[in-house]
Amino acid sequence: MATRVVPQKIIKNLRYKTTTKPLNASHPSAAATVASLLEKQPATTPSPPPPSSQQSASFLDLNDAERLFSAVPTSTLLRSSAVLHATAIGPMVDVGIWAMQSKLLQMGIMKDAVMAVTKRTFYEHFCAGEDAVAAGRSIRSVNEAGLRGMLVYGVEDAHDNEGCNRNLNGFLHTVDVSKSLPPSSVSFVIVKITAICPMALLERISDLLRWQQKDPSFNLPWKQDSLPIFSESSPLYHTPNKPEPLTQQEEHDLNLANQRLQQLCQKCVEANMPLLVDAEHTTVQPAIDYFTYSSAIMHNKDDNPIVFGTIQTYLKDAKERLFLATQAADKIGIPMGFKLVRGAYMSTESKIAESFGYGSPIHDSIEDTHNCFNDCSAFLLEKIADGKGSLVLATHNIESGNLAAAKAYEIGMGKVNHKLEFAQLCGMSDALSFGLSNAGFRVSKYMPFGPVEMVMPYLLRRAEENRGLLAASGFDRQLIRKELGRRLKAAIF
């Protein structure tokens, strides 16, 4: 059955509320089915006016550099300052990307030189180490500074079952490492579905799911219970023609992929370690959401989400899809965990859409993206305040951090509430991370690990897709310079 569209009146109403208490969410029996939900029109959820900009702008103390960086060694601040200044220079980023993608990496001596420079600069700044043991040391370090870590085994894009099995072993080992670290120092283990299911199969599954959205009578015999994956505004241009059913071999490979994910989920259940599924580009995101939601239905119990999904709010349909998924989860009594991000595939998405003759699925302006992130943040904060579920707000935007922090305090979710986690990338927006932590919130750093060659795609994406973010890191650079100057004066005088 096709997913019903959420009326635009409801979508527009998902705004910050500072005066109205959230409605208590009802949680029907888990015996209800998603299909029965989709036969009904979504109910309207009242939503609020935004808080004043004056309130949100002054909530976090981000001006006291000495306090913000009190737990950071001077050597780390020096490296951070150098790397952030370098990545703010466009031509330098271009040269770095060229070097990491060029044939120089196929030449012995030149490859060693490029890898050595990369490791001592970008890699050490944005990554946690070459293996799980080194990542564990990095986790301990950030934990001593008052933050937590998301352990990210940095492998991506497997193309056969052998590679998927090898990657699964790495993810399972990551869970084992998390159990050996200080309690609560690891907030999440991160998994990429593209690493445990062949990319070609993910593309096929996404095509089939999209076609079923176009034609609800299209039968997918292998499909398990899930939450809504699309809204009526979701882009479906990737699948212009009716796809063929999965072959016997493809169904076999799908069963293997499911088994891998369930093995990882079960290990996380036993370790009581939340598993966060990363989002990727829209070519394969429908299949990723399908895997995520079907696993959440199986493993998320009571008020303890184990499987978390990711919503990329730079997509125009993000708000509507989030609304549909959360309402469906409520109907069947499943506590959902979501990570909100803006998104990291801007150029990729634009190229894909253009290749099909369509406009980009990404919001037309950065302001629209900010508004979508803030609206979704407010909606989920109110939803989990008195109900089930958990939320990770992954943002480097100071205004979004301020808004969410002020909102969380207002509705009683401040001071280390286990339902709410803020997150920033390792090496990015440290001032915001420490400011949120000082205000009493749980804060994690996203910490990928693995050999330099393995995490190269991650480093390239950080450079290519986040040029604006890197160039806009002036706030952190200014505070780091201020603190380094203070330490220099203290050492001299």
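This report walks through one protein chain, from its overall make-up to a strand, two helices and some single residues.

**The chain as a whole**

The model is predicted. The chain has 20 helices and eight strands. Of its 493 residues, 58% are buried. Consider the contacts in the chain with a separation of 6 or more: residues 24 or more positions apart account for 82% of them.

Buried nonpolar side chains join into cores. The largest nonpolar core has 135 residues. Those with the most contacts inside it are Phe69, Ile193, Trp222, Leu264, Phe291, Leu340 and Leu420.

**Strand β6 and its partners**

How many of the five residues of strand β6 are buried? Five of the five are, so β6 (residues 390-394) is largely enclosed by the rest of the structure. In a regular strand the side chains alternate between the two faces of the sheet. Both faces of β6 are covered. Ser390, Val392 and Ala394 are buried on one side. Leu391 and Leu393 are buried on the other.

β6 pairs with two strands. The table sets them out.

| Partner of β6 | Sense | Bridges | Residue opposite Leu393 |
|---|---|---|---|
| β5 (residues 337-341) | parallel | four | Leu340 |
| β7 (residues 420-425) | parallel | four | Phe422 |

Leu340 deserves a second look. It is among the residues with the most contacts inside the largest nonpolar core. Leaving aside neighbours within four places in sequence, Leu340 is in contact with Leu391, Val392, Leu393 and Ala394, among others. Its other contacts include Ile311, Thr313, Leu322 and Phe373.

**From β6 to β7 through α16**

β6, helix α16 (residues 398-410) and β7 make a right-handed β-α-β unit. At the N-terminal end of α16, Asn397 acts as a cap. A side-chain oxygen of Asn397 lies 3.1 Å from the backbone nitrogen of Glu399. Inside α16, the buried residues include Ser400, Gly401, Asn402 and Leu403. After α16 comes Gly412, whose phi is positive, near 85°.

Does the length of α16 agree or disagree with the rise of 1.5 Å a residue? The 13 residues of α16 should span 18 Å, and the end C-alpha atoms are 18 Å apart, so the two agree.

**Gln424 in β7**

Gln424 is found in strand β7. Is Gln424 buried or exposed? Buried means under 20% relative accessible area. Gln424 has 2% relative accessibility, so it counts as buried. Its side chain reaches the backbone oxygen of Thr395 at 2.9 Å. Gln424 also touches His396, Ser429, Leu432 and Tyr446, among other residues more than four places away in sequence.

**Helix α12**

Helix α12 (residues 285-299) has 15 residues. At 1.5 Å a residue they should span 21 Å. The end C-alpha atoms of α12 are 21 Å apart, which agrees. Of the 15 residues, 14 are buried, so α12 is largely enclosed by the rest of the structure.

**Leu84 in α5**

Leu84 lies in helix α5 (residues 74-87). With a relative accessible area of 3%, Leu84 is buried. How far apart are Leu84 and His125 in sequence and in space? They are 41 residues apart in sequence. In space they are 9.2 Å apart, C-alpha to C-alpha.

Terms used: Residues numbered from 1 in each chain as written. Predicted model: local features only at pLDDT ≥ 70, side-chain atom pairs only at ≥ 80, totals over all residues. Heavy atoms only, no water. Buried < 20%, exposed > 50% of the residue type's maximum accessible area, 1.4 Å probe, protein only. Helix = DSSP H or I, 4+ residues; strand = E, 2+ residues; numbered from the N terminus. Pairing = 2+ DSSP bridges. Right-handed = clockwise from strand over helix to strand, strands pointing away. Expected span 1.5 Å × (residues − 1). Core = buried A, V, L, I, M, F, W, Y, C linked by side-chain atoms within 4.5 Å. Contact = heavy atoms within 4.5 Å. Polar contact = N/O pair within 3.5 Å; in protein donor to acceptor, adjacent residues only side chain to side chain.
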